[in-house]
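New notebook page, new structure. I want to look up a few spots and jot down what turns up.

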Amino acid sequence: MDKPSRLIIGKILKPFGVRGELKVEILTDFPERFASLRQVFIGDGAKSFSVASAHLHNHTTALVKLQGIDTPEDAAKLREQFLYVAVDDAVKLPPGQVYLYQIIGLQVKTIDGQVLGKIAEVLDTRANDVYIVRDGTREILLPAIPDVVKAIDLESGEMLVELLDGLIS
């Protein structure tokens, strides 16, 4: 998969207060990043906005004030749209961690060399992600857990897995 230009970090829920602040549902694993936001993009057209201020409201939402959005009416026009950051502004991940967009398209091989297909989708099941692997004739669901996923090599475009008993037939 090609590297995207933007990553979703939140979804605008509604206006907050009388000065055009936005209440944003946090959709990132790094909620602390809201405190340092300087520029965001909104919606499919990805219109750019400078961030006047941003801070966490509670554990699931943040309050964001954008320059040029100064009334509740202005803020209401942005309701239900996604809030993005440039991929170059993404939080740098520690070694061994990857962003989901980097997983899509990886070729999946077992530890004994059997090619299973390529990762087509990633499902969020709350307990753990599930990778949907397709080879053109079948679809395999692989849990994204350490017992199954043994290695991810982005440079070679491969994921090495160990199949648990009964995982595929």
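Below are my entries, one spot at a time.

Ground rules first. I'm working with a predicted model, where local features need pLDDT of at least 70 and side-chain atom pairs count only at pLDDT 80 or more, while totals for chains, interfaces and linings use all residues. I count residues from 1 along each chain as its sequence is written, and side-chain values use heavy atoms, with hydrogens and water left out.

Entry: Ala 52. I found Ala 52 in strand β4, residues 47-56 (strands are DSSP runs of E, at least two residues, numbered from the N terminus). Is Ala 52 buried or exposed? Neither: its relative accessible area is 47%, and partly exposed covers what lies between buried (under 20%) and exposed (over 50%), with a 1.4 Å probe and protein chains only. Beyond four places in sequence, Ala 52 contacts Lys 65, Leu 66 and Gln 67 (contact: heavy atoms within 4.5 Å).

Entry: Lys 65. I followed that contact to Lys 65, in strand β5, residues 61-66. Lys 65 counts as buried because its relative accessibility is 13%. Its side chain reaches the backbone oxygen of Ile 69 at 2.5 Å. Among the contacts of Lys 65 past four places in sequence are Arg 19, Val 51 and Asp 70.

Entry: cores. I looked up the largest nonpolar core (buried Ala, Val, Leu, Ile, Met, Phe, Trp, Tyr and Cys residues joined through side-chain atoms within 4.5 Å). It has 20 residues, and Phe 34, Val 64, Leu 66 and Leu 83 touch the most other members. Elements giving two or more residues to this core include β4 and β5. A second, separate core has 13 residues, including Ile 103 and Met 159.

Technical notes
Helices (H or I, at least four residues) and strands (E, at least two) are DSSP runs, numbered from the N terminus. A polar contact is a pair of N or O atoms within 3.5 Å; within protein, one must be able to donate a hydrogen and the other to accept it, and residues adjacent in sequence count only if both atoms are side-chain atoms.
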